[in-house]
Amino acid sequence: MVLINGYFHARPLTGIERYALEITRRLDALSRPGEIAIIVPGDLSPLPSYQNLSLIPYKKKIPHILWQMFYLQGFLLRHRQYQILDFGNTCLPLFPGIIFLHDIYCEVFPQDFTSLRDRLVRLYNRSQYRLITRRARQVATVSYFTRNQIAERFSVDPSRIKVIYSSHEHFNQVQPDYSVFDSFPALSKGSYYFSLGSYSKRKNLGWIIRHARAYPDRTFALSGTSIATTGVRELDGELPPNVILLGYLNDSQVKALMTECRAFILPSYYEGFGLTPLEALSCGAPTIVARAASLPEIFGDHAHYIDPYNTDIDLEALLAEPVESPLALLAKYSYDTSARMVYDMIKET
C-alpha cells in the first residue's frame with residue numbers, strides 16, 4: 001500500500017507544494033478506498049479532507065527534516081506494509097520509495113551557496129539527491145531537461161526517471177482580486193512588468209533591477225517572499241524608484257496583476273519546470289522567460305526569450321516580435337494526465 005508523505009499540507013504553497021496538492025487531489029479521485037493513504041502532521045487545523053485516501057494524522061508539525069527523519073521513519077518502522085510516495089525532493093534512508101526530484105539546483109550551482117547556512121543546506125540537499133538516485137524504487141521529475149541533468153550528474157539510466165509535467169489548471173478556479181491596485185497605486189493597468197517567485201538567487205531578480213536602471217520610464221513589480229538561503233544581494237541595496245516590491249500576495253491578487261500587466265517576466269537561470277509563466281499565459285499575459293534550463297522545453301515558441309546574463313535588450317521591441325498562441329501549450333499540460341501517470345507508476349512499482 002502506498003503512503004503519501006503529506007507534509008506539504010504544512011508548508012507554504014510554492015511550486016512543489018502546489019504540484020503535490022493538485023496531484024494528490026486527483027489521486028484521491030482515481031483510487032479506490034483503502035488503496036492509498038496519506039500521512040500528515042496531526043495538529044494541522046483544519047486537517048485536509050479526502051474521499052478515498054485514508055488520512056493518517058500523526059504526531060505534530062515540527063521542522064521538515066526532523067519530521068521526515070524521526071516521525072515518518074518511525075511510523076514506517078512500525079507499519080511495514082506501506083511504500084512511501086514523496087513529492088518533495090526527499091528520500092528516507094531506510095524506506096526509499098517513489099520519489100519526485102524536481103531539480104538539482106544545489107548540485108549545479110555551488111557558487112550560489114556562500115554563507116555557512118547556505119553550505120549546510122547545499123550539503124543536505126546533495127546528500128538527498130544521491131540517496132534518491134541510488135535508492136529510490138522509482139524516480140520522477142517534471143521536465144526532460146531535469147531528467148537528463150539528473151541522469152548525467154548521477155550516472156543514472158534516463159529510462160529509470162519518469163517525466164510527469166506540472167500544470168496551470170489550478171489557476172482557472174481563481175477569481176482575480178482587483179483591489180490589489182488600491183494597495184499599490186503606482187501600478188497602472190497595462191503599463192507594468194510583473195514578476196513572481198521567491199527572492200532567491202536563481203530567480204535572477206538582479207537582471208530586472210539592472211534593466212530597470214537602464215529604462216527608468218518603465219515600471220517593474222516584483223512579488224515574492226524571502227527565503228532563508230541564497231538571498232538576492234541586489235534587494236539589500238537601494239532599489240531604483242521604478243522597481244516596486246509587493247511582498248507576498250495571494251492567488252487572487254496575483255491573478256489580477258497577471259491579467260493586467262504589460263508582460264510577465266521570469267529571468268531565472270535555473271528552473272526545473274517554471275510554473276509561474278505558465279500561470280501568466282493562462283491569464284492572457286505576454287510572457288518573457290530566460291533562454292535557460294527547462295524553460296525553452298516547457299514554453300517552446302509560445303514565449304519571448306531573454307539572455308539571463310545580458311540586460312541590454314529593449315523589452316518593448318522584444319514583445320513586438322510574434323510568438324505562437326498559448327492555447328495549444330496550455331492544452332498540453334494537464335494535472336489529470338499527470339495524476340494518471342503517477343497512479344500508473346504506483347500500480348507498477
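The exercises below, each with a worked solution, concern a predicted model.

**Exercise 1.** Find the order of the strands in the open sheet of seven strands, and state which strands stand at its edges.

Solution.
Step 1. The order is E3-E2-E1-E4-E5-E6-E7, and the pairing is parallel.
Step 2. Strand E3 (54-58) and strand E7 (161-163) each have a single partner strand, so one side of each is left without a neighbour in the sheet. These two strands stand at the edges.
Step 3. From one strand to the next, the twist averages 25°.
Step 4. Look at one edge in detail. Strand E6 (residues 138-141) pairs with E7 in the parallel sense over three bridges. Val139 has Ile161 in E7 as its bridge partner.
Step 5. Add a helix. Helix H2 (residues 64-78) lies across strand E1 (2-5), strand E2 (36-41), E3 and strand E4 (83-86). Helix H2 runs at about 165° to E1.

**Exercise 2.** Describe the open sheet of six strands and the helices H8 and H9 that lie on it.

Solution.
Step 1. The six strands follow the order E10-E9-E8-E11-E12-E13, with parallel pairing.
Step 2. Strand E10 (243-247) and strand E13 (304-306) are the edge strands, as each pairs on one side only. The average twist from one strand to the next is 25°.
Step 3. Strand E11 (residues 263-266) pairs with strand E12 (residues 287-290) in the parallel sense, over three bridges. Phe264 stands opposite Thr287 in E12.
Step 4. Helix H9 (residues 275-282) packs on the sheet and touches E8, E11 and E12. The direction of H9 makes about 170° with that of E11.
Step 5. Helix H8 (residues 251-260) lies across strand E8 (192-196), E10 and E11, and runs at about 140° to E8.

**Exercise 3.** Decide how far helix H7 (residues 205-214) is enclosed by the rest of the structure.

Solution.
Step 1. A residue counts as buried under 20% relative accessible area.
Step 2. The buried residues in H7 are Leu205, Gly206, Trp207, Ile208, Ile209, His211 and Ala212.
Step 3. Seven of the ten residues of H7 are buried, so the helix is largely enclosed.
Step 4. The cover over these buried residues includes E8, strand E9 (219-223), E10, E11, E13 and helix H11 (315-319).

**Exercise 4.** Compare the settings of the salt bridges Glu271 with Lys203, Arg218 with Asp314, and Asp344 with Arg340.

Solution.
Step 1. The count of salt bridges in the model comes to 14.
Step 2. Glu271 and Lys203 meet at 2.7 Å, N to O. Glu271 lies in the loop between E11 and H9 and Lys203 in the loop between E8 and H7, 68 residues apart. Glu271 is buried at 8% relative accessible area, and Lys203 is buried at 15%.
Step 3. In the pair of Arg218 and Asp314, the closest N and O atoms are 3.1 Å apart. Arg218 is in the loop between H7 and E9 and Asp314 in the loop between E13 and H11, 96 residues apart. Arg218 is buried at 14%, whereas Asp314 is partly exposed at 30%.
Step 4. Asp344 and Arg340 meet at 3.9 Å, N to O. Both lie in helix H13 (residues 335-348), four residues apart, about one turn of the helix. Asp344 is partly exposed at 32%, and Arg340 is partly exposed at 39%.

Key. Residues are numbered from 1 along each chain as its sequence is written. This is a predicted model: local features need pLDDT of at least 70, side-chain atom pairs count only at pLDDT 80 or more; totals for chains, interfaces and linings use all residues. Side-chain values use heavy atoms; hydrogens and water are left out. Two strands pair if DSSP finds at least two bridges between them. Axes are lines fitted to C-alpha atoms, for helices over the stretch in contact, and angles run from 0 to 180 degrees between N-to-C directions. Contact means heavy atoms within 4.5 Å. Buried means under 20% relative accessible area, exposed over 50%, partly exposed in between (1.4 Å probe, protein chains only). A salt bridge is a side-chain nitrogen of Lys or Arg within 4 Å of a carboxyl oxygen of Asp or Glu.
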